Amino acid sequence: MTQTSENVTWLTQEAYNKLKDELEYLTGPARTEIAAKIAAAREEGDLRENGGYHAAKEEQGKQELRVRQLTQLLENAQVGEAPASADGAVAPGMVVTIAFDGDEDDTLTFLLASREYASADIETYSPQSPLGSGVLGHKVGEEAEYELPNGKKASVTILKAEPYNG
């Protein structure tokens, strides 16, 4: 399968290692721990009224969901620095500054990346989010449109797009 810029997640080596360690923990020791919790709760008797059993099963479901998320994320990860966009187009791994409705006093600067790449010092929008997908591929100076949650369209102008150096 070839990867498009939309399904690639740019990760630093440090972020990749951290996520890989989390996945290894969740698929190893954490699975053993949750299985033990479920087994212990099962021994308490009637499962229909066993809060500990239901809590452990819910925890197991959340854990398995995270395993699937991490697996998919790591399969689509590109490790290293996000490439500078040769054609000047907005791409994942870039810091983007936009102006709402062409008003350069009403701006937003954000990192276009997955939340796993998120940094405490800059707001992060996913390339799959309405705003992220709206600006993806547009060049500085171009206008982009995206759909708001109420179904209306919003327009932004790309003021700046540069590789993230966090």
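These questions and answers walk through a predicted model of one protein chain.

Me: How many helices and strands does the protein chain have?
Reply: Start with the order of the elements. From the N terminus on, they run β-α-α-α-β-β-β-β-α-β-β. Counted by type, the chain has four helices and seven strands.

Me: What share of the residues in the protein chain is buried?
Reply: Buried here means under 20% relative accessible area. The protein chain has 166 residues, and the buried ones make up 36%.

Me: In what order do the five strands of the open sheet stand?
Reply: The pairing in this sheet is mixed. Strands β5 and β6 stand at the edges, each with a single partner strand, so one side of each is left without a neighbour in the sheet. The full order is β5-β4-β3-β7-β6.

Me: Which side chains of strand β6 are buried?
Reply: In a regular strand the side chains alternate between the two faces of the sheet. Strand β6 covers residues 143-147, and its side chains alternate. Glu143, Glu145 and Glu147 point to one face and are not buried. The buried ones, on the other face, are Ala144 and Tyr146.

Me: How many bridges join β6 to strand β7, and do they run parallel or antiparallel?
Reply: Strands of a sheet pair through backbone hydrogen bonds, either parallel or antiparallel. One bridge partner of β6 in β7 is Ala154, which faces Tyr146 in the pairing. Strand β7 covers residues 153-163. The two strands are joined by five bridges and run antiparallel.

Me: Which residue takes a positive phi in the hairpin of β6 and β7?
Reply: This hairpin has five residues between the strands. A phi near 95 degrees is found there, and the residue that takes it is Gly151.

Me: Which residue meets Glu147 in a salt bridge?
Reply: Side chains of opposite charge can pair when their charged atoms come close. Glu147 is partly exposed, with a relative accessible area of 42%. Its bridge partner in β7 is Lys153, which is exposed at 53%. The side chains also meet, 3.9 Å from N to O, so under the 4 Å cut-off the salt-bridge partner of Glu147 is Lys153.

Me: How far apart in sequence are the parts tied together by Arg31 and Glu64?
Reply: The two side chains form a salt bridge, with 2.8 Å from N to O. Arg31 lies in helix α2 (residues 29-42) and Glu64 in helix α3 (residues 51-75). Arg31 is partly exposed at 33% relative accessibility, and Glu64 is partly exposed at 21%. Because they lie in these two helices, the pair ties together parts that are apart in sequence by 33 residues.

Me: By about how much of the helix are Lys62 and Glu58 separated?
Reply: Lys62 forms a salt bridge with Glu58, and the closest N and O atoms are 3.4 Å apart. Lys62 is exposed, with a relative accessible area of 54%. The two residues are four apart in helix α3, so they are separated by about one helical turn.

Me: How many salt bridges does the count come to?
Reply: Among them are Arg31 with Glu64, Lys62 with Glu58 and Glu147 with Lys153. The count comes to five.

Me: Is the aromatic pair of Phe110 and Tyr125 stacked or edge-to-face?
Reply: A search of the whole structure finds one aromatic pair. Phe110 and Tyr125 form this pair, with 4.9 Å centre to centre and 65 degrees between the planes. An angle over 60 degrees sets the type, so the pair is edge-to-face.

Me: Is Phe110 buried or exposed?
Reply: Phe110 sits in strand β4 and Tyr125 in strand β5, 15 residues apart. Tyr125 is partly exposed, at 22% relative accessibility. Phe110 has 0% relative accessibility, so Phe110 is buried.

Me: At roughly what angle do the axes of α1 and α3 cross?
Reply: Residues from the two helices meet, including Leu19 and Leu23 in α1 and Val67 and Leu70 in α3. The crossing is left-handed. The axes come within 10 Å and cross at roughly 140 degrees.

Me: How far apart in space are Asp101 and Thr157?
Reply: Asp101 lies in the loop between β3 and β4. Asp101 is exposed, with a relative accessible area of 63%. Asp101 and Thr157 are 56 residues apart in sequence, but C-alpha to C-alpha they are apart in space by 7.0 Å.

How values were computed
Residues numbered from 1 in each chain as written. Predicted model: local features only at pLDDT ≥ 70, side-chain atom pairs only at ≥ 80, totals over all residues. Heavy atoms only, no water. Buried < 20%, exposed > 50% of the residue type's maximum accessible area, 1.4 Å probe, protein only. Phe/Tyr/Trp six-rings, centres within 6.5 Å; stacked < 30°, edge-to-face > 60°. Pairing = 2+ DSSP bridges. Axes fitted to C-alpha atoms, helices over the stretch in contact; angles between N-to-C directions. Left-handed = near helix turned anticlockwise from the far one by under 90°. Contact = heavy atoms within 4.5 Å.
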